[in-house]
Amino acid sequence: MNDKDLLVCRCEEISDEEIREAIRQGARTITGIKRRTRAGMGLCQGRTCQRLVARILAEETGMKPEDIDPGTDRPPVKPVSFGVLGGVAND
Amino acid sequence: MSDVIVIGAGPAGLAGAIACAEFGLKVTVLDEFFRPGGRLLGQLYEEPSGNWWNGIKEAERLQQKTKDLAIDVRCGVSVFNLEKDELLWNVHTNAGSMKASYVLVATGSAEYPIPVPGWTLPGVMSIGAAQVMTNVHRVQVGKKGIIIGANILAFAILTELQLAGIQVDRIVLPEKSPISQEAGEPEEVLKSLLSAAHLAPSLLLRFGSVFMKNGLLRKIALNFYPKGGMKISGTPLQLRKAAMEIVGKKQVEGVRVVDITPNGATVPGSDKIYEADFVCIAGGLYPLTEITAVAGCPFQFVPELGGHIPVHSEWMETPLQGLFVAGNITGIEGGKIAMAQGTVAGLAIVKRSGKEAGSIDRLLQKSVDYVRDVRQHAPIQFNPGVDEGRQTMKELWVSKYGKEGKVIS
C-alpha cells in the first residue's frame with residue numbers, strides 16, 4: 001500500500017495526502033481542514049483523527065502543537081436521531 | 001430533579017457521586033456503556049506489592065455503594081450536549097434532557113490512534129478494544145496477535161490477554177514519523193518504559209532503571225538491544241523493529257516489520273512478514289473533553305497531562321459555575337487517582353451546595369492531599385512529567401481565579 005493512500009479519517013475515508021493537500025491550499029486550522037476535506041465530520045466526530053490531523057498540520061507548517069487550536073466541538077457530540085434532537089425522547 | 005448529574009460511571013464519576021450522596025445530595029449518574037465501572041472493568045494486574053488489582057471487583061464495590069446511597073445510575077445513556085440556562089445545567093441525552101445545579105464531567109479518555117498502512121483491515125483494533133473484548137465481553141480477539149506500540153497501557157493489557165490464553169507474538173514499534181512521534185523512537189520509548197520498570201520482568205528494564213536515567217547508557221543499551229527482543233511476561237518486546245504495514249487480503253494475515261536503528265531509522269532490506277490474525281495498535285490515551293468544550297469551558301494545552309485540558313482548580317472546579325471535572329479528562333493517570341479526584345470533586349460540590357459548612361473545608365483539603373499521596377505511590381505513571389503538568393494547571397488557576405477558586409459565571 002502506498003503511504004499516500006493511508007487513511008487518516010476513517011469515518012469519512014480521507015487520506016493522509018488529502019489532508020496535506022488541504023494544508024497546501026492554505027488550511028491552517030483543524031476546522032479549515034475539516035471544511036475542505038470532511039475529515040472529522042463522520043460518525044466519531046473526530047475522536048479518532050483530530051489529533052492526527054493536528055500532527056500533520058504541525059509537520060506541514062512547522063506550527064507548534066500548543067498553537068494549534070483543537071477545533072470547535074459542536075453538539076451533538078454523539079450521534080443521535082433527529083427525533084431525539086427534536087425533543088422526542090427514546091428515539 | 002437531581003442536585004448533581006455525573007457524566008461517566010467510571011472510577012472518577014462513581015467516587016464523585018458517592019461523595020455527593022454521602023452528604024445528602026441527590027445524584028444521577030449517566031454512562032453510555034451497558035454497565036457501570038468504565039475502564040475499571042478491563043483492569044486486571046498484579047501490583048508491585050504482589051496484590052492483584054481486579055477492576056471488575058472494584059467496579060462492583062463502587063456500584064454496591066451507589067445502591068446503598070440510592071444514587072440513580074443510568075446506563076446506555078449518551079450525553080450529546082451540555083448547556084446552561086440562567087441557573088441550571090441542561091444535560092441533553094438520547095434518553096431525554098435533564099437539569100441540575102451541578103454537573104461533574106468524568107468522561108475519561110480515548111485512545112490515540114497510530115495510522116499504519118492496512119489499519120482498516122478487519123482484525124485490527126486498538127489495544128483498549130482488545131481489553132474490553134477480553135475482560136468485559138469474554139470474546140477471544142484472535143489466536144495470535146501482534147501489538148504495535150510499546151507503552152504502559154500495552155503491557156498491562158498484554159498480560160491480560162495472556163491470562164485469557166491469547167497468544168501475543170511480539171510487540172514492535174510503529175514506524176518513526178511526525179505522526180507517530182515518540183512512539184516510533186526507541187530511545188523515547190525506553191525512557192518512558194523506565195517509569196514502569198517493575199512491570200517489565202526483564203533484567204535490563206528492572207535493574208536498568210537506575211542506570212538508564214543517563215542518556216549515554218540508554219544509547220548503549222539500545223545499541224546492544226537483543227534482536228529477538230526482551231521478554232515481557234513471555235512476549236518479546238522488540239524495540240529495534242518497526243511495523244511498516246499490516247498485510248492481508250480480507251482480514252489481518254500478518255505484519256511487515258523492518259529492523260530500525262536506535263534512533264528509529266529503518267534498515268533497508270530487513271523486511272520480514274510475521275503472521276498474525278489480529279493486531280492491536282497501542283498509541284496511548286488522551287483526555288476526552290468534548291462535553292466540557294460544548295459547555296464553553298476554557299482549555300489549556302498541557303502536554304504532560306495528555307493535551308488540551310479543561311481549566312480546573314485543585315478542587316476539580318472549572319471556571320463555569322457548577323461545572324466540575326475529575327479523572328482522565330483532567331490528565332492521563334491511573335484508576336486509583338481518578339477515584340481520589342472524583343472524591344475531591346464530590347466534596348467540592350458538597351461545599352458549593354452549602355451543605356456541611358462546618359467540616360467540609362477540612363475534608364476537602366484532606367481529599368486534595370490524598371490525590372497527591374496516591375499519585376506518589378502509583379505503580380503506573382502514564383507520563384513521567386505528570387507532577388509538572390498538575391503544577392502548571394494549578395498555577396494557571398491561581399493566577400487567573402485565585403487560590404480558593406473564586407468562580408466566574
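## Working through a predicted two-chain model

At 2% relative accessibility, Trp397(B) counts as buried. Keep that residue in mind; it comes back in the first exercise. One caution before starting: this is a predicted model.

**Exercise 1.** Work out how Trp397(B) and Tyr401(B) are arranged with respect to each other.

*Solution.* Start with where they sit: both belong to helix H11 (residues 386-401) of chain B, four residues apart, or about one turn of the helix. Recall that an α-helix has 3.6 residues a turn, so residues three or four places apart point the same way. Now look at the rings, which form an aromatic pair at 4.5 Å centre to centre, with 45° between the planes. That makes the pair tilted. Finally, check the cover: Tyr401(B) has a relative accessible area of 10%, so it is buried, and Trp397(B) is buried as well, at 2%.

**Exercise 2.** Search the whole structure for aromatic pairs, then say what the pair Tyr102(B) and Phe324(B) ties together.

*Solution.* The search turns up four aromatic pairs over all chains. In one of them, the ring centres of Tyr102(B) and Phe324(B) are 6.5 Å apart and the planes meet at 55°, so call this pair tilted. Next, place the partners: Tyr102(B) is in strand E9 (residues 102-105) of chain B and Phe324(B) in strand E22 (residues 323-325) of chain B, so the pair links parts 222 residues apart in sequence. Both residues are buried.

**Exercise 3.** Find which residues of helix H7 of chain B are buried, and describe the nonpolar patch that includes Phe224(B).

*Solution.* Go along H7 (residues 215-223) and you'll find Arg218(B), Ala221(B) and Leu222(B) buried. They span an arc of only 95° around the axis, which puts them on the same side of H7(B). Then turn to the surface: Leu216(B), Leu217(B), Ile220(B) and Phe224(B) make a nonpolar patch of about 430 Å². Phe224(B) itself is in the loop between H7 and strand E14 (230-232) of chain B. With a relative accessible area of 69%, it is exposed.

**Exercise 4.** Compare the backbone and burial of Arg38(A) and Met316(B), two residues with positive phi.

*Solution.* Take Arg38(A): its phi is about 80°, though it isn't a glycine. It lies in the loop between helix H2 (30-37) and H3 of chain A, and at 40% relative accessibility it is partly exposed. Met316(B), also not a glycine, has phi near 65°. Its place is the loop between strand E21 (307-310) and E22 of chain B, where it is buried at 4% relative accessibility.

Terms used: Residues are numbered from 1 along each chain as its sequence is written. Chains are lettered from A and ligands numbered from 1 in the order in which they are written. This is a predicted model: local features need pLDDT of at least 70, side-chain atom pairs count only at pLDDT 80 or more; totals for chains, interfaces and linings use all residues. Side-chain values use heavy atoms; hydrogens and water are left out. Buried means under 20% relative accessible area, exposed over 50%, partly exposed in between (1.4 Å probe, protein chains only). Helices (H or I, at least four residues) and strands (E, at least two) are DSSP runs, numbered from the N terminus. The arc is that of the directions from the helix axis to the C-beta atoms. Patches are made of residues with over 30% relative accessible area and no salt bridge: like charges are joined within 9 Å, nonpolar side chains (Val, Leu, Ile, Met, Phe, Trp, Tyr) within 5 Å. Accessible areas come from the Shrake-Rupley method with a 1.4 Å probe; for residues, only the protein chains shown count as cover. A salt bridge is a side-chain nitrogen of Lys or Arg within 4 Å of a carboxyl oxygen of Asp or Glu. Rings of Phe, Tyr and Trp (its six-membered ring) pair if their centres lie within 6.5 Å; planes under 30 degrees apart count as stacked, over 60 as edge-to-face and the rest as tilted.
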